[in-house]
Amino acid sequence: MVMQAGMFIIGAGECGGRAALALRDLGYDGPVTLVGDEPHLPYERPPLSKEAMTGDAPAIKAIASDEILAERSIRHIHSVQAVAIDRATHSVRLSDGSTLPYDKLLLATGSLPRRLPMPGLGPRCVYLRTFNDALAIRAHLKAGNRVAIIGGGFIGLELAAAARKLGASVTVIEAQPRILMRGVPAEIADIIHQAHEAEGVKILTGQGIAAVADDGTDVRITLAGGSDIVADLAVIGIGAVPVTSLAAEAGLTIDNGIAVDAELRTSDPDIFAAGDCCSFPLAVYGRRVRLEAWRNAQEQGALAARNMLGAGEAHAAVPWFWSDQYGLTLQISGLSDEGRSTVRRDLDDGAFILFHLAEDGRLVAASGIGPGNAVARDIRLAEMLIARRAKPAPEALGSQTVKLKSLLAA
Amino acid sequence: MSDWVEACEAGDIDEEDVMRFDHGGRTFAIYRSPDDEYFATDGLCSHEKVHLADGLVLDDIIECPKHNGRFNYKTGQARGAPVCVNLRTYPVKVDAGKILIQLG
């Protein structure tokens, strides 16, 4: 009998971890191997910029415990990098010197923080991606400390909220004219901006950085306008780049990420890619995108698992993400820049939703903000309408007295 | 058993919807199904302690408002990532237009 090489997953984050579990949920009983370069169990990253900063005892939020991995016969190889894929022999070489075979391979290599391309960065200039990064940052978030955050995106703003909660003084520096330029409507970004200012965060928009000097204790950031900001810690959150080098070196097609088809298959039929690292055709808009979002990583991990087993299922989900800052939650389904006009629906307690409509009236995205989970239900309903390519009447979307659920039946 | 607690009026919950009910320092979610039956579960999602009553009811599923964890609210069964721990359910009865739940 020929030994089965089995399913091999590179990247033990949300996507890889979910894929491994999904293979077992689907009844696959061959070998499942999950390789990751971190020392931890597969864990959820969203808490790193939130609860892991402010909670009493920071701990990973594991996707699967050691017991579950053992019970489900998932071999988790941690603290090891995959260094090369040999497509001809269907094998992966690891940084510990071993070479392991695969029948089907999933690349769930994720993304890494975009580096600030400047000289002068030192030990007090840090990025957030891993749990260990979070611990290092957390050590500096305390009363009396000054934290500079370079980049007014979600990671930076969530960290700003956490730092304020812990009593540090915070300055956010954003090169664009406003925070959250990418993917968040100005009307909603304004609410978040005001919330931060009300909590004492100093936000500087439209400010490029001319120089950074880090002497190991203080970081001096010189703005293009000439003024200096001195901080005990500078956290750089200026976006993420997909991890594609392994795929590129193996000769797979790269196009703003590892290029996959609707079934998440790369240019090699036995290799799949999913999550932050891949670009894929998003059916609902008919264009290729790459998403850096928790739910996408989770859903694509599960979809890749189904297709590795031959399901032949096309990706059909609508993008969705959320952010928590202070008592506010933002949720967006769809990509708001697809819209050409906007309808506003006001909810209770100051919460509201912006529905983004295409030129032909099709609902393409919905962005909501409010206290707690005030917008969650309607954003979820909007997501279902987007998936159906519905063209709801703008008056109905704008009126709080018309239940969104009733539009689904239409 | 005398631990039936009055939670709300039957008409307080729309069909295929959910309402939060707090009692004795605990929080519950009470559901009215599309076929007009009532059910009750623990009120917080087993993933991250979020109030399920802010979530969406579709047929016999409640979706957590935060991360779309899904449960069958009739049985409490977790129905896929990120949730894996079932919800506890409680008996419900309708008596003279009132919803009563039996807290164990």
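This briefing covers the domains, selected helices and strands, the chain contact and two single residues of the structure above. The model is predicted. Chain A is divided into three parts: domain 1 (7–112 + 240–308), domain 2 (115–236) and domain 3 (327–409). Chain B carries a UniProt feature named "domain: Rieske" at residues 5–101, from an unreviewed entry.

**Annotated spans**

- In chain A, UniProt gives "domain: FAD/NAD(P)-binding" for residues 8–301, in an unreviewed entry. That stretch is 23% helix and 28% strand. Its end C-alpha atoms are 13 Å apart.
- A further UniProt annotation, "domain: Reductase C-terminal", covers residues 320–408 of chain A and also comes from an unreviewed entry. Here helix makes up 25% and strand 38%. The end C-alpha atoms lie 18 Å apart.
- For residues 5–101 of chain B, the "Rieske" span in the UniProt record, the content is 0% helix and 44% strand. The end C-alpha atoms of this span lie 5 Å apart.

**Domain 2 against domain 3 in chain A**

- The centres of domain 2 and domain 3 of chain A, taken over C-alpha atoms, are separated by 31 Å.
- Domain 2 of chain A gives 8 residues to the contact, and domain 3 of chain A gives 9 residues.
- On the domain 2 side, the touching residues divide into 6 nonpolar, 1 polar and 1 charged.

**Helix α1 of chain A**

- Helix α1 of chain A runs over residues 14–25. Its 12 residues should span 16 Å at 1.5 Å a residue, because the expected span counts one less than the number of residues. The end C-alpha atoms are 16 Å apart, which agrees.
- How many of the 12 residues of α1(A) are buried? The count is 10, so α1(A) is largely enclosed by the rest of the structure.
- The buried residues run from A:E14, A:C15, A:G16, A:G17 and A:R18 to A:A19, A:A20, A:L21, A:A22 and A:L23.
- What covers the buried residues of α1(A)? The cover includes the strands β1 (7–10), β2 (32–35), β3 (74–77) and β7 (104–107) of chain A, along with α8 (294–308) of chain A.
- A:G27 comes just after α1(A) and takes a positive phi of about 95°.

**Strands β1 and β2 of chain A**

- β1(A) and β2(A) run parallel and are joined by 4 bridges. A:F8 has A:T33 in β2(A) as its bridge partner.
- From β2(A), A:V32 and A:L34 point one way. A:T33 and A:V35 point the other way. All of these residues are buried.

**The open sheet β18-β20-β21 of chain A**

- Strands of a sheet pair through backbone hydrogen bonds, either parallel or antiparallel.
- In chain A, 3 strands in the order β18-β20-β21 form an open sheet with mixed pairing.
- β18 (258–259) and β21 (287–289) of chain A are the edge strands, each pairing on one side only.
- Strand β20 (residues 278–282) of chain A pairs with β21(A) in the antiparallel sense, over 3 bridges. A:F280 has A:V289 of β21(A) as its bridge partner.

**Chain A against chain B**

- Chain A gives 10 residues to the contact, and chain B gives 11 residues.
- On the chain A side, α8 and α9 (376–387) each supply at least two residues. The largest share, 4 residues, comes from α9(A).
- By class, the side of chain A that touches chain B has 3 nonpolar, 3 polar and 4 charged residues.

**Two acidic residues**

- A:E174 is found in strand β11 (residues 169–174) of chain A. Is A:E174 buried or exposed? A:E174 counts as buried because it has 24 C-beta neighbours inside 10 Å, and the cut-off is 20 or more.
- Beyond neighbours within four places in sequence, A:E174 is in contact with A:G151, A:G152, A:I179, A:I203, A:L204, A:T205 and A:Q207.
- A:R124 is 50 residues from A:E174 in sequence and 19 Å from it in space, C-alpha to C-alpha.
- B:D35 sits in the loop between β3 (26–32) and β4 (38–42) of chain B. B:D35 counts as exposed because it has 9 C-beta neighbours inside 10 Å, and the cut-off is 12 or fewer.
- B:D35 and B:V5 lie 30 residues apart in sequence and 23 Å apart in space, C-alpha to C-alpha.

Terms used
Residues numbered from 1 in each chain as written. Chains lettered and ligands numbered in written order. Predicted model: local features only at pLDDT ≥ 70, side-chain atom pairs only at ≥ 80, totals over all residues. UniProt positions renumbered as here; feature names shortened; annotations may be inferred. Domains from an automatic or database assignment. Contact = placed C-beta atoms within 7 Å. Nonpolar A, V, L, I, M, F, W, Y, C, P; charged D, E, K, R; others polar. Pairing = 2+ DSSP bridges.
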